[in-house]
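Reader: Before we discuss details, could you put the sequence and the model in front of us?

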Amino acid sequence: MLDKIKKLLEEINALSATTPEEAEALRIKYLSKKGEITALMTDFRSVPAELKKEVGMRINELKNRAAERINELKAAAAIKEDTDDELDLSRTAYPLHLGSRHPLSLVKNEIVDIFSRLGFTLAEGPEVEDDWHVYSSLNFADDHPARDMQDTFFVEAHPDIILRSHTSSVQARVMETTQPPIRVICPGRVYRNEAVSARAHCFFHQIEGLYIDKNVSFQDLKQVMLIFAQELFGPETQIRLRPSFFPFTEPSAEMDVSCTICGGKGCSMCKGSGWLEILGCGMVDPAVLESNGIDSSVYSGYAFGMGIERIANLKYQVRDLRMFSENDKRFLEEFTSAY
Ligand code: DAH
């Protein structure tokens, strides 16, 4: 009996299998109910009493070893099977499929990069805001139409809590916690109560800029805006500033860039005018500085704000605003080569 066990042990140690099925056949051969090792148990009954202890131990060892060996063979065969079919030594080490950046992130990053080079740092604020930071501290009169329910989303049951309708709220937050010099750029999502269409959406993205120091003048604003426009749209780009009105800047202006398609000659993109409007800007109203704890007799500053979708439309000619938020892979994959 002991000889038989020894022989089986040698046999087990020498087993091999190339597929998981072969390994399973070995398990059946040795360890199933009718297997060779199980059969030893029947012979065990006729072993003389004085040898039972020793023989029992050897059978157990054999059983354990067989189970271990067959499991090893099974695992090795499974790995081999997995890699055999697909083993392609010419493949690159990291065949990772990376996603692409969203076009709005591409444009936002580009704008933030330009202003970083001009010394602006990033600032962010909450999307769920209070009336003070979105409107009151920025000099909006109590009856200003932007405060209307038609334009602003209110958080129900809290008339003072709203979804910010512009990133100018971040200006207010920066001013209340920082003394000049301040030079920040504030990208973020904003919300307006608009019916969704190809040309309007109930949420979109803006970038706000704020510069406050001693002796900041309109000339500084104009020069920085020109550099920005030429960095973003190319060195030939011209700008023009048209007088406008915003409650938080005085004087205020709207800025146009020479048409990115026709260069100013007039085309369908610029509706024949040669100019495209891209942002609002102006000198921070002294009343806004004072509301936010900055001494307007010492400091002055400029601010500007632009829509990221608007600029992305100019760069990529996306005709329907809804494309930006629908996550259609065919659209998003058009931007895979850019970053
Ligand atoms: N907050 C304005 C808007 O949403 C944009 C804007 C205009 C921001 C002029 C400014 C500015 O900082 O000076 O339409």
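Reader: In which sense do strand E2 and strand E4 pair?

Author: This is a predicted model, and the pairing is read from its backbone. Strand E2 covers residues 128-130 and strand E4 covers residues 158-163, with 3 bridges between them. One of the positions involved is Glu129, whose bridge partner in E4 is Ile162. The sense in which E2 and E4 pair is antiparallel.

Reader: Which residue in the turn of the hairpin formed by E3 and E4 has a positive phi?

Author: Strand E3, residues 154-155, is joined to E4 by 2 bridges and runs antiparallel to it, and Phe154 has Ile162 as its bridge partner in E4. The hairpin leaves 2 residues between the strands, and the phi in question is about 75 degrees. The residue in the turn with that positive phi is Ala157.

Reader: What is the order of the strands in the open sheet of 3 strands?

Author: The pairing in this open sheet is antiparallel, and its order is E2-E4-E3. Because E2 and E3 each have a single partner strand, one side of each is left without a neighbour in the sheet, and the strands at the edges are therefore E2 and E3. Read across the sheet, the order is E2-E4-E3.

Reader: Which strands stand at the edges of the open sheet of 7 strands, each with a single partner strand?

Author: This sheet has mixed pairing and follows the order E1-E5-E6-E10-E9-E8-E7. The strands that end this order each have a single partner strand, so one side of each is left without a neighbour in the sheet, and they are E1 (121-122) and E7 (239-246).

Reader: What angle does the direction of helix H5 make with that of E6?

Author: Helix H5, residues 103-117, packs on the sheet and touches E1, strand E5 (182-191), strand E6 (203-213) and E10. The direction of H5 makes an angle with that of E6 of about 5 degrees.

Reader: At what angle to E10 does helix H10 run?

Author: Strand E10, residues 300-307, is joined by 5 bridges to strand E9, residues 275-284, and the two run antiparallel; within this pair, Gly282 stands opposite Ala303 in E10. Helix H10, residues 308-316, lies across E6, E9 and E10. Its angle to E10 is about 60 degrees.

Reader: With which side chain does the side chain of Glu254 make a polar contact?

Author: Glu254 is found in strand E8, residues 249-258. Leaving aside residues up to four places away in sequence, Glu254 touches several others, including Arg240, Arg242, Ser244, Phe246 and Glu277. The polar contact, at 3.3 Å, is with the side chain of Ser244.

Reader: How much of the accessible area of the ligand does the protein cover?

Author: The ligand is surrounded by 15 residues, and the closest are His166, Ser168, Arg192, Gln206 and Glu208. A polar side-chain atom of Glu208 lies 2.5 Å from an oxygen atom of the ligand, while for an N or O atom in the side chain of Arg192 the distance to a ligand oxygen is 2.9 Å, and for Gln171 it is 3.3 Å. Of the 360 Å² of accessible area that the ligand has on its own, the protein covers 88%.

Reader: What distance separates the centres of domain 1 and domain 2?

Author: The chain is divided into domain 1, residues 2-84, and domain 2, residues 103-338. Taken over C-alpha atoms, the separation of their centres is 76 Å.

Technical notes
Residues are numbered from 1 along each chain as its sequence is written. This is a predicted model: local features need pLDDT of at least 70, side-chain atom pairs count only at pLDDT 80 or more; totals for chains, interfaces and linings use all residues. Side-chain values use heavy atoms; hydrogens and water are left out. Two strands pair if DSSP finds at least two bridges between them. Helices (H or I, at least four residues) and strands (E, at least two) are DSSP runs, numbered from the N terminus. Contact means heavy atoms within 4.5 Å. Axes are lines fitted to C-alpha atoms, for helices over the stretch in contact, and angles run from 0 to 180 degrees between N-to-C directions. Domain bounds come from an automatic or database domain assignment. A residue is near a molecule or strand if one of its heavy atoms lies within 4 Å of it. A polar contact is a pair of N or O atoms within 3.5 Å; within protein, one must be able to donate a hydrogen and the other to accept it, and residues adjacent in sequence count only if both atoms are side-chain atoms. Accessible areas come from the Shrake-Rupley method with a 1.4 Å probe; for residues, only the protein chains shown count as cover.
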